[in-house]
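Welcome to this tour. Keep your viewer open and your selection tool ready, and we will go from stop to stop together.

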Amino acid sequence: MGTKPMTKENDPSINLKRLILQTIGSIVLVLVIVFALAYFFRQELLGFSEHFVRMFGFVGLFFGMVLSDSLPAFVPPDAFLMLAITGEMDPLKTILFMSVGSIIGGSIAYWIGLYLIPRFHLGRQMVLHYEDKLLPYIRKYGFGAVVLSALTPIPYSWMAYTVGTFKMPFRLFFLGSLFRFVRISVYFYAMYIGWITGG
């Protein structure tokens, strides 16, 4: 008997059920970590976040997210959420400033992928490192791959680089990126629950 040909529909690297479970697991993990931090290091975090809020405020959250989602591994977005929660910053303003900053950061990564990465060998090697993991989603879901990266543990900034390199229309990338509002809102309130219950 011949082997079944590989298609984008049965690509084993695409497993939405596993991805959904990973997303739920990451939300629960964040809640537990924040609970533990609130229980053991509450005063230290309050002092640090008070300093951050006084020095940078919402502008700091905004530019932090721009850097976080345009430069991979700069600072995890959840670190800024933690500062906002422990600093008792307004939830709606926090979600707005961080979401807009995230989308702008992702857009910068998209334009870098479109115009700069193809010109440099190191840039191409960086994209190729993630290509095998991300391209199956792009081939199967197109615009939906950006939505998944905006919501799930799929790296949003690397998806932005990749779809930019492969010339996805910017309007589709932007529409998918709007789901960052959902992701940041969910993680904000998960972390908030961990903070208040840990106190």
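Two residues are in contact here when they have heavy atoms within 4.5 Å of each other. Keep in mind as you look around that this is a predicted model.

**Stop 1: Leu 46**

Please select Leu 46, which sits in helix H2, residues 42–55. Which residues does Leu 46 touch, leaving aside its neighbours within four places in sequence? By the contact rule, the partners are Thr 86 and Trp 195. Now add Gly 87 to the selection: Leu 46 and Gly 87 are 41 residues apart in sequence, yet their C-alpha atoms are 6.5 Å apart in space. Leu 46 has a relative accessible area of 27%, so it counts as partly exposed.

**Stop 2: the whole chain**

Zoom out and colour by secondary structure. You will find 10 helices and zero strands, so the pattern along the sequence reads α-α-α-α-α-α-α-α-α-α. Of the 199 residues in the chain, 43% are buried. If you take the contacts between residues at least 6 apart in sequence, 79% of them join residues at least 24 apart. Switch on a surface next: the chain exposes about 11,000 Å², and 71% of that area comes from carbon and sulfur atoms.

**Stop 3: the largest pocket**

Where should you centre the view to look into the largest pocket, that is, which residues lie nearest its centre? Select Pro 77, Pro 153, Pro 155, Tyr 156 and Arg 183. They belong to a lining of 22 residues. Helices that give two or more residues to this lining are H1 (16–40), H3 (57–70), H4 (77–86), H8 (156–165) and H10 (180–198). The space in the pocket is about 370 Å³. Colour the lining by residue class and you should get 13 nonpolar, five polar and four charged residues.

**Stop 4: Arg 180**

Move on to Arg 180 in helix H10. Is this arginine buried or exposed? Arg 180 counts as buried, because its relative accessibility is 4% and the cut-off for buried is under 20%. Show its surroundings, leaving out residues up to four places away in sequence: Arg 180 touches Asp 69, Pro 77, Ser 99, Ser 102, Ile 103, Ser 149, Ala 150 and Tyr 156. Two of these names, Pro 77 and Tyr 156, were also on the list for the pocket centre.

**Stop 5: aromatic rings**

Display the side chains of Phe, Tyr and Trp. A pair of aromatic rings is described by the distance of the centres and the angle of the planes. In this model the count comes to 16 aromatic pairs. Start with Tyr 156 and Phe 173, a stacked pair with 6.1 Å from centre to centre and 15° between the planes. This pair links distant parts of the chain, with Tyr 156 in helix H8 and Phe 173 in helix H9 (residues 170–177), 17 residues apart. Both rings belong to buried residues: Tyr 156 has 4% relative accessibility and Phe 173 has 0%.

Then go to Phe 188 and Tyr 192, stacked with 6.4 Å between the centres and 5° between the planes. Being four residues apart in helix H10, these two are separated by about one helical turn. Phe 188 is buried, at 2% relative accessible area, whereas Tyr 192 is partly exposed, at 37%.

To finish this stop, select Tyr 110, Trp 111, Tyr 115, Tyr 156, Phe 170, Phe 173 and Phe 174 together, which ring pairs link into a cluster.

**Stop 6: two loops with a positive phi**

Most residues other than glycine have a negative phi, and most peptide bonds are trans. What is phi at Glu 88? The value is near 55°, positive although the residue is not glycine. You will find Glu 88 in the loop between H4 and helix H5 (91–116), and at 70% relative accessibility it counts as exposed.

For the last selection, go to the loop between H8 and H9, where Lys 167 is placed. Phi of Lys 167 is near 60°, again a positive value in a residue other than glycine. Lys 167 is exposed as well, with a relative accessible area of 58%.

Definitions and conventions: Residues numbered from 1 in each chain as written. Predicted model: local features only at pLDDT ≥ 70, side-chain atom pairs only at ≥ 80, totals over all residues. Heavy atoms only, no water. 1 Å grid on protein atoms, 1.4 Å probe; cavity = no way out; pocket = protein on both sides within 12 Å on 5 of 7 lines; lining within 4 Å. Points joined across faces, edges and corners; volume = space filled by probe spheres on them. Nonpolar A, V, L, I, M, F, W, Y, C, P; charged D, E, K, R; others polar. Buried < 20%, exposed > 50% of the residue type's maximum accessible area, 1.4 Å probe, protein only. Areas by Shrake-Rupley, 256 points an atom, 1.4 Å probe, with all protein chains shown as cover. Phe/Tyr/Trp six-rings, centres within 6.5 Å; stacked < 30°, edge-to-face > 60°.
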